[in-house]
Amino acid sequence: MNKISPLAIIEDGAVIGDNVEIGPYCFISAATTIGDGTKIEQSSSVYGKTTIGKNNHIFSHAVIGSAPQDLKFAGEDVELIIGDNNKIREFTLFNPGTKGGGGKTIIGSHNLFMGYVHVGHDVIIGNHCILANAATLAGHVEMGDYAVIGGMTPIHQFVHIGDYAMVAGASALAQDVPPFCMAEGNRATLRGLNLTGLRRHLSREDIDELKSAYRDLFEAGKPLKDVASELIEKTKNHQVQTLCNFILKTKRGIPYERKKNDD
């Protein structure tokens, strides 16, 4: 049974699932779809063509699906898609895609977006990610699964952040962070593996393989993509292959301290 406040404004055409709660002073647009069990607290707004999955909890004063902050946007048919079981805290701002970026912003499931987080246009976020207070994702950013962004950290447009990566709070990231790695600083650079996160999810064998690969890639003073190619050829470890493939595909580069080769 739905629990919808009489003080909420829900436009004709909105599709509301079962056991949905919508608090007072919320606005739900005609093109919105809300899945079963989702709760939207007071004074939140859902605009445009926005699809919200099941069992999400959207806290008060969130703004979901409002027009992208892109001067080229001219009212095209664009979309925001949100998966299941996400927690979206107070005063967050999520934008849909743009025509130039594929038209969709896509957010996975089981993510936590703390207060004042901004998700820009055409962003793609995986599953089980955490974005701490006031983390800011510019347009076209892509995040993998189990990635963590610390509070007050802006991410430059088109940056890619790999699975299980972490960007520390109060950093500023302008380049890609490979899977399993941790970056920190302004401008953020790699500081090592995200060992705390890896120990929660990976085996000791995988972590040891990643430690060895990290040393070869970032501490041996050799050309990064050459080392990545060599490791792919000789390793059978899936996690190391994932790390190396990310490095080979990067377009913005990897932010790490280059070391001289003593050979």
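In this predicted model, the count of salt bridges comes to three. Side chains of opposite charge can pair when their charged atoms come close. Let's take the pairs one at a time. In one of them, the side chains of Asp70 and Lys72 meet, with 3.2 Å from N to O. The two partners sit in quite opposite settings: Asp70 has a relative accessible area of 13%, so it counts as buried, the cut-off being under 20%. Lys72 comes out at 68%, and because anything over 50% is called exposed, that is its label. Another pair links Arg89 with Glu90, whose closest N and O atoms are 3.1 Å apart. Here Arg89 is partly exposed, at 31% relative accessible area, and Glu90 is partly exposed too, at 23%. Then there is Glu184 with Arg191, where the closest N and O atoms lie 3.0 Å apart. Glu184 counts as partly exposed, with a relative accessibility of 34%.

Stepping back to the whole chain, the protein holds four helices and 27 strands. Its radius of gyration is 20 Å, close to the 18 Å that the globule rule gives for 263 residues, so the protein is as compact as a globular protein of that length. Along the principal axes, the C-alpha trace spans about 75 × 40 × 30 Å. Buried residues make up 49% of the 263 residues. As for contacts with a sequence separation of 6 or more, 31% of them are between residues 24 or more positions apart.

Now for the strands. Strands of a sheet pair through backbone hydrogen bonds, either parallel or antiparallel. One open sheet is built from eleven strands, in the order S1-S4-S7-S10-S13-S16-S19-S22-S25-S26-S27, and its pairing is mixed. At the edges are strand S1 (3-4) and strand S27 (188-193), each of which pairs on one side only. Inside this order, strand S16 (residues 112-113) and strand S19 (residues 130-131) run parallel and are joined by two bridges. Leu112 has Ile130 in S19 as its bridge partner.

At the S27 end of the sheet, S26 and S27 are antiparallel and pair over five bridges. These two strands form a hairpin, with two residues between them. Within that pairing, Ala183 has Leu190 in S27 as its bridge partner. The salt bridge between Glu184 and Arg191 belongs to this part of the story as well, with S26 covering residues 181-185 and S27 covering residues 188-193.

Parallel pairing also turns up among strands S9, S12 and S15. Four bridges join strand S9 (residues 49-52) to strand S12 (residues 79-82), and the two run parallel. In this pair, Thr50 stands opposite Leu80 in S12. S12 also pairs in the parallel sense with strand S15 (residues 104-107), over four bridges. There, Ile81 stands opposite Ile106 in S15.

What about the helices? Helix H2 (residues 204-218) lies across S26 and S27, running at about 140 degrees to S27. Two packed helices are described by the angle between their axes and the distance between the axes. For H2 and helix H3 (residues 224-234), the angle is about 145 degrees and the axes are 8 Å apart. The contact brings Ala213, Asp216, Leu217 and Phe218 in H2 together with Leu224, Val227, Ala228 and Leu231 in H3. Sorted by type, the residues of this contact are seven nonpolar, no polar and one charged.

Two single residues, both in loops, round out the picture. His140 lies in the loop between strand S20 (136-137) and strand S21 (142-143). With 15% relative accessibility, His140 counts as buried, because the limit for that label is under 20%. Leaving aside residues up to four places away in sequence, His140 touches Thr98, Gly101, His121, Asp122, Val123, Phe158 and Val159. Lys236, by contrast, is exposed, with a relative accessible area of 82%. Lys236 lies in the loop between H3 and helix H4 (238-249). From Lys236 to Glu142 is 94 residues in sequence and 26 Å in space, C-alpha to C-alpha.

Conventions: Residues are numbered from 1 along each chain as its sequence is written. This is a predicted model: local features need pLDDT of at least 70, side-chain atom pairs count only at pLDDT 80 or more; totals for chains, interfaces and linings use all residues. Side-chain values use heavy atoms; hydrogens and water are left out. Two strands pair if DSSP finds at least two bridges between them. Contact means heavy atoms within 4.5 Å. Axes are lines fitted to C-alpha atoms, for helices over the stretch in contact, and angles run from 0 to 180 degrees between N-to-C directions. A salt bridge is a side-chain nitrogen of Lys or Arg within 4 Å of a carboxyl oxygen of Asp or Glu. Buried means under 20% relative accessible area, exposed over 50%, partly exposed in between (1.4 Å probe, protein chains only). Ala, Val, Leu, Ile, Met, Phe, Trp, Tyr, Cys and Pro count as nonpolar, Asp, Glu, Lys and Arg as charged, and the others, Gly among them, as polar. The radius of gyration is taken over C-alpha atoms; the globule rule is 2.2 Å times the number of residues to the power 0.38.
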